[in-house]
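Biologist: Hey, I'm new to this one. Can you pull it up and walk me through a couple of contacts?

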Amino acid sequence: MTKQLWKGNEAVAEAAVCAGLQAYFGYPITPQTETLEYLSKRMPELGRAFVQAESELGAINMVYGAACTGARVMTSSSSPGISLMMEGLSYIAGTEVPMVLVDVVRGGPGLGNIAPSQGDYNQIVHGGGHGDYFPIVLAPASVQESVDLMALAFDLAEKYRAICAVLTDGSIGQMMEPAEIPPMKPVRTTYPDWAATGAVGRERNILTSIQLEPPLEEVVNFRLARRKQEIQAREVRFKEYYLDDAEFAVVGFGSAGRVAMTAVRAARAEDIKVGLLRPITLNPFPVKELDELSKRLEGMLVIEMNSGQMLDDVLLATQFRVPTAFYGRMGGMMPLPDEVLAEIRELAKGPKMQDVHPRDRWLKRMEALV
Amino acid sequence: MATPQLNMELVYERPEALTDTATHYCPGCTHGIAHRLVAEVIDEMNVRERTIGVASVGCSVFAYNYFDFDWVQSPHGRAPAMATGVKRVLPDRVVFTYQGDGDMASIGMGEIVHAAARGENITVIFINNANYGMTGGQMAPTTLPGMKTTTSPNGRDVEQMGYPIRAAELLATLDGASYIVRRSLHDPKNIRLAKKAIRTAFETQVRGLGFSMVELLSTCPTNWNMTPVEAQKWLEEKMVPYFPIKDFKIHPALAEIKV
Amino acid sequence: MPVKGTIVVDERLCKGCELCVGACPQKVIALAMDRLTPKGYHPAYLIAEGCTGCAVCALVCPEAAITVYREGAKVKAAV
């Protein structure tokens with residue numbers, strides 16, 4: 001297939017279809033409605049299931065039902081809609097059935113706005129639904145990357161019988177870029193042993209997240225925790241640029257990481273030895289890699305479109321051993337390369353005292369601006 | 001079990017679709033009758049191996065322990081949406097939800113209305129016993145005016161707490177609904193009629209005729225503070241007048257079916 | 001002569017709810033007050049001759065605990 005100009009939300013939809021998507025249930029919400037609209041035409045064209053549900057609550061529960069049959073199923077939404085889905089996500093995780101969730105993050109909290117943000121990091125990565133569960137989270141930074149990660153999302157979800165979330169934002173969802181969609185994979189014709197598909201010639205399957213007896217529930221909890229450990233050991237993915245000889249590193253995911261890339265290149269042109277680590281998996285987080293990296297750096301800069309949510313994970317991973325600065329924009333504001341470059345220059349001037357939390361230092365600096 | 005006498009033929013035995021398990025329901029609770037009728041219908045239609053039940057949240061939360069076919073468990077109120085997900089992916093299976101009045105008519109009102117409006121080809125068994133049984137007898141959307149529950153201790157005051165919802169009548173207004181009836185489980189005659197209705201509802205599904213729901217007026221002896229026999233009398237005297245036993249929506253194609 | 005029938009009550013399942021006692025048209029079912037099931041209920045049982053195998057008891061039983069027999073022509077699932 002050749003490169004074509006694709007809108008992010010539609011590319012994600014087509015990539016899912018080509019990855020063998022069997023059912024899509026969703027609800028309109030800006031800035032991801034194009035995914036719903038695209039699939040409302042494409043899925044019936046291919047004889048696959050599509051329903052615009054009565055709400056995100058309805059949608060996630062339809063996903064839950066389809067996931068229990070072992071079918072490749074997905075939904076997409078944006079921040080306020082994702083909050084509505086949290087109940088269903090917890091149930092899906094507790095029942096250990098696979099699904100793919102696309103969150104096209106917008107400004108918040110509350111109704112917020114429709115501009116891009118990364119404010120859902122904690123909600124998605126650290127589990128916004130109740131209980132101990134650990135979704136796998138992928139963070140693309142371009143339309144092509146979104147496409148590439150869709151097939152991986154379904155594969156990981158099925159491999160681990162888990163939720164795999166693809167965390168993007170309004171700009172990636174809305175932008176148009178050249179992308180190549182992989183060839184169409186056939187839809188599955190067999191179903192997993194555990195699925196509820198009708199007990200033909202076998203013992204019945206019951207898919208539930210209830211375990212009234214605490215000892216039995218704890219067995220489930222340990223299973224989920226150990227699965228997270230396994231995923232941490234095997235599935236970390238990240239991209240690194242200019243880190244071989246780096247004295248400083250910028251850490252950013254998604255659009256923030258992409259903007260940082262431009263700033264890093266500009267900084268290199270000014271002979272600042274800075275590189276970029278852009279996590280692709282936010283869960284599992286590249287803990288080991290950041291830990292190792294921090295041992296040979298003089299300073300780190302975390303760039304996000306929120307108040308410093310991944311920042312805390314970076315600080316934990318690096319064990320506060322290296323002076324770390326933070327720069328964030330919120331509410332739908334995009335950090336621009338010039339701003340990030342200014343932060344890199346500031347970092348390169350000399351490591352800052354560690355007595356003040358990077359978030360507090362950033363809030364003070366931003367007083368002049370906002 | 002004692003062996004039957006010679007030259008006696010078997011008239012009735014426990015349906016195969018029920019597992020050989022004692023239920024956790026209170027003695028005399030009509031959940032058991034509803035379960036049995038559903039199981040009998042599934043046996044008679046010979047669809048056990050392609051049936052998938054969607055359990056809800058209420059006293060029947062463990063319904064899946066009592067039937068010998070696949071089940072999935074939905075969050076409170078979401079069973080119609082979950083059933084939609086299953087049926088859309090596996091359209092040739094028999095998919096039904098089993099929900100109480102709190103589950104379907106309170107928290108789940110959005111999901112049931114839209115599943116019916118969409119004409120989803122699923123069957124809903126709706127157990128109406130005028131209170132929230134599992135959590136100890138609180139007021140439900142179906143609690144009668146003046147009826148005492150743990151959250152309407154002085155009797156349901158319609159000024160403060162509003163009026164009960166007649167779910168069958170409500171859903172029957174939707175064009176997408178194909179078979180909506182109310183029956184009762186308070187005496188043998190009505191139980192027989194209830195079974196016929198359940199059979200017709202499942203026939204609606206397998207013939208692809210759309211959304212079907214059977215509302216079953218049911219007793220809750222424990223929370224009503226009555227014996228099972230008294231509870232059936234109370235149902236007949238107090239609930240039937242408010243929730244009439246009638247057909248509210250019948251798809252024309254169903255008129256030809258004899259069950 | 002009236003048709004003869006009999007019932008067998010599964011005492012693992014019977015909860016002594018008495019719905020069958022009231023429903024029986026021949027009034028030949030009662031709870032056995034002298035014994036308890038494994039779960040501590042007084043089970044239902046046939047107290048006298050006169051069962052016609054009409055199966056109304058099985059129709060009202062919430063536990064599907066009653067199996068019904070009748071002599072004469074084959075009848076199945078009369079409920």
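Biologist: Which strand of chain C does β1(B) pair with, and in the parallel or antiparallel sense?

Modeller: Keep in mind that this is a predicted model. In it, β1(B) pairs with strand β4 of chain C, residues 66-71, in the antiparallel sense over 4 bridges.

Biologist: And which residue stands opposite B:Leu10?

Modeller: That's C:Tyr69, in β4(C).

Biologist: OK, zooming out: how many residues of chain B are in contact with chain C?

Modeller: 29 residues of chain B, and they touch 34 residues of chain C. On the chain B side, β1 (8-12), α1 (31-45), α7 (188-206) and α9 (228-242) each supply at least two residues. The largest share comes from β1(B), with 5 residues.

Biologist: What's the mix of classes on that side of chain B?

Modeller: The side of chain B that touches chain C has 18 nonpolar, 6 polar and 5 charged residues.

Biologist: Switching to chain A. At what angle do α9(A) and α12(A) pack?

Modeller: About 55°, with the axes 8 Å apart. Here α9 covers residues 254-269 and α12 covers residues 337-349.

Biologist: So what do you call that arrangement?

Modeller: Oblique, because angles from 35 to under 65 degrees are neither roughly parallel nor roughly perpendicular. The crossing of α9(A) past α12(A) is right-handed.

Biologist: Which residues meet there?

Modeller: From α9(A), A:Val259, A:Ala260, A:Thr262, A:Ala263, A:Ala266 and A:Ala267; from α12(A), A:Pro337, A:Val340, A:Leu341 and A:Ile344. By class, the residues of this contact are 9 nonpolar, 1 polar and no charged.

Conventions: Residues numbered from 1 in each chain as written. Chains lettered and ligands numbered in written order. Predicted model: local features only at pLDDT ≥ 70, side-chain atom pairs only at ≥ 80, totals over all residues. Axes fitted to C-alpha atoms, helices over the stretch in contact; angles between N-to-C directions. Parallel < 35°, antiparallel > 145°, perpendicular 65-115°, else oblique. Left-handed = near helix turned anticlockwise from the far one by under 90°. Contact = placed C-beta atoms within 7 Å. Nonpolar A, V, L, I, M, F, W, Y, C, P; charged D, E, K, R; others polar. Pairing = 2+ DSSP bridges.
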